[in-house]
Amino acid sequence: MPRRVPALMLQGCSSNAGKSVLAAAFCRMLLQDGHAVAPFKAQNMSLNSYVTLRGEELGRAQATQAMACRLEPDARMNPVLLKPSSSSGSQVILMGKPVGHMKVADYIQFKPTAFETVTRAYDELAAEHEVMVIEGAGSPAEINLKSHDIVNMAVARHARATVLLVGDIDRGGVFAHFVGTLALLPPDEREMIAGLLINRFRGDASLLAPAFPEMHTRTGKDVLGVVPYVQELGLPEEDSVTFKEGGRSTFCVFNPLLKQGKVVVALVDLPHISNFTDMDALRLEPDVLVQTARHPEDLAGADVILLPGTKSTAADLAWLRQSGLAEAIRARAADESAVIVGICGGLQMLGELVDDPDGVESGPAQAPAQGLALLPLRTAMGREKILRRVLARHVDTNLPVDGYEIHHGVTTFSGTTAAGEVLEDIVDQDGRALGWGQPGNLVWGTYLHGVFDADRFRRWFLDRIRQRKGLTPLGKVMQHYSIDPALDRLADVVRAHVDWPRIKQLMGL
């Protein structure tokens, strides 16, 4: 059949093999080479998402890949997004809008409809660009799922893409992964694999060279690159897998030497954590140390306790109580020894009550969940999902902030005094409240994802914490948050470690 728009597809021997990052790298490399390129992933399962200018939701990885192409993120780049709400069910986002919660069996029945949307979205994007970079999901050799695949070989076949198989050598056994994956593919799909990429290698790549001839003998495929393990990429994480594999804490919670002269931020690792990329800009600051909190003692020495977004507010509130973190957070708020911040679901938790009468998040209708009662707010979950990109300002300082909203809840002042006074803290251009806080802002929260991405506001916030600690405010922006330089650095690394001319030749470029 005649080749369509040239397309490069990255499939993996496993989930979390680094496909998303490599796809972003190839997007930027093609852009640097003068090509009009766009990213695509048919189906993504992730709780880290992004909102487009049109109010559509897509996976954060595809938004990052769009930025690598210097394109505005578009729901067509990720036509199906699954946001897990339990071990067996997910909210299904189709072309940027939720179409309901589905159990696995229900979603399998829905897949033919979803695939029609996938192919239509791909064809539209491909018609507008010179080349496509496609990301697969999981592994193409998951033989229990192949009969209803809509994201790996089915997409490769539709796009007539050049497929590279990615293996994560940091996990160990990468050559066995390659051989096993190819052995499980039927002959026609095995033929679609154009080459192999080894990812996340630490050390001297020449040590791998003796294995390459045997790999070709066994599989008929050549290794087209060995990409090193790149620490601190400076790019948003696709999902919580890497974050949760990072151990109990990003840094040793109990080492005071690490904290000298630093603003210590404790990020509470909720079971259903979502959009924790809100912390990325803070991590880059030279005077900030971020530690992960999964136990009450992990809050030791924290100047800021941050409750992030969550896909299941009521369930994660219950976990906070069971773990002892709820009591510990309330104690730190009572003695004013830490500033407490909540974002989206974290904001809802800071209030007095979270009501979900229709089971939007929590399944069958349950009694309202009691919040931490640190702010006099109440939240009611609604069926309609609020998806908006927002320009806003911080009321006290008049500093601009911007970001996006992704939530079902509507939060209002409760009219009670149990949690004290509350002030509107962040408002949008129309004066609509997007954040509330106690006078003095020792406890505050907002629906605005990305609030800390604003350089001037972030520095004001950190300098205020420094003053509380007796440290001298730095008084000026120390770090400009932008992922564009990080994408250039990533592209440079990958270009230097793959056979880029041959890959382009295989693509027909």
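**Exercise 1. Find which residues V223 touches, leaving out residues up to four places away in sequence.**

*Solution.* Start with the contacts themselves: V223 touches L196, I198 and F212 once residues up to four places away in sequence are set aside. Keep in mind as you look that this is a predicted model. Next, place the residue: V223 belongs to strand β12, which covers residues 223-228. Then check its accessibility. V223 has a relative accessible area of 17%, and buried means under 20%, so V223 counts as buried. Finally, try a distance: D123 lies 100 residues from V223 along the chain, and the C-alpha atoms of the two are separated by 30 Å.

**Exercise 2. Work out how strand β10 is placed: which strands does β10 pair with, and are its residues buried or exposed?**

*Solution.* Take the pairing first. Strand β1 (residues 7-12) runs parallel to β10, and five bridges join the two. One of these places to look is L8, whose bridge partner in β10 is T162. Now turn to strand β11 (residues 193-201), which also runs parallel to β10 and is joined to it by six bridges. Here L165 has L196 of β11 as its bridge partner. You have met L196 already, among the residues that V223 touches.

Now look at the side-chain directions. T162, L164, V166 and D168 point one way from β10, while V163, L165 and G167 point the other way. Both sets are buried. The last step is to put this together: seven of the seven residues of β10 (residues 162-168) are buried, so the strand is largely enclosed by the rest of the structure.

**Exercise 3. Trace the open sheet that contains β3, and say which strands are at its edges.**

*Solution.* Read off the order of the four strands: β3-β6-β7-β8, with mixed pairing. The edges are β3 (43-45) and β8 (97-103), each of which pairs on one side only. From one strand to the next the twist averages 25°. Next comes the helix: α3 (residues 104-128) packs on this sheet and touches β3, β6, β7 (89-94) and β8. The direction of α3 makes about 145° with that of β8.

Zoom in on the β3 edge. β3 and β6 (residues 80-84) run parallel and are joined by three bridges. The bridge partner of Q43 in β6 is V80.

**Exercise 4. Describe the surroundings of Q43: which side chain does its own side chain meet in a polar contact?**

*Solution.* Q43 sits in strand β3. Its side chain makes a polar contact with the side chain of Y107, at 2.6 Å. Widening the view beyond neighbours within four places in sequence, Q43 is in contact with N78, V80, L82, Y107, K111, A137, I150 and V151. As for accessibility, Q43 counts as buried at 13%.

**Exercise 5. Explain why C27 and C69 are not joined by a disulfide.**

*Solution.* First find the closest candidate. The cysteine sulfur closest to that of C27 is in C69, 3.5 Å away. Then apply the cut-off: a disulfide needs two cysteine sulfur atoms within 2.5 Å. The separation is therefore too far for a bond. Looking from the other side, C69 is in no disulfide, and its nearest cysteine sulfur is that of C27. The count for the model comes to zero disulfides. Both cysteines are nevertheless buried: C27 has a relative accessible area of 0%, and C69 has 4%.

**Exercise 6. Find where the buried residues of helix α10 lie around its axis.**

*Solution.* List them first: T313, D316, L317 and L320 are buried in α10 (residues 313-323). Looking down the axis, the buried residues fall within an arc of 110°, so they line one face of the helix. A general rule helps here: an α-helix has 3.6 residues a turn, so residues three or four places apart point the same way. After α10 comes G324, with a positive phi near 90°.

**Exercise 7. Compare N275 and E336: what is the phi of each?**

*Solution.* Begin with the background: most residues other than glycine have a negative phi. N275 has a positive phi near 50°, and E336 has a positive phi of about 55°. Now locate them. N275 lies in the loop between β14 (273-274) and α9 (280-283), whereas E336 lies in the loop between α11 (325-334) and β18 (339-343). Last, check accessibility: N275 counts as buried at 2%, while E336 is partly exposed at 48%.

Note on methods:
Residues numbered from 1 in each chain as written. Predicted model: local features only at pLDDT ≥ 70, side-chain atom pairs only at ≥ 80, totals over all residues. Heavy atoms only, no water. Pairing = 2+ DSSP bridges. Axes fitted to C-alpha atoms, helices over the stretch in contact; angles between N-to-C directions. Contact = heavy atoms within 4.5 Å. Buried < 20%, exposed > 50% of the residue type's maximum accessible area, 1.4 Å probe, protein only. Arc of directions from axis to C-beta. Polar contact = N/O pair within 3.5 Å; in protein donor to acceptor, adjacent residues only side chain to side chain.
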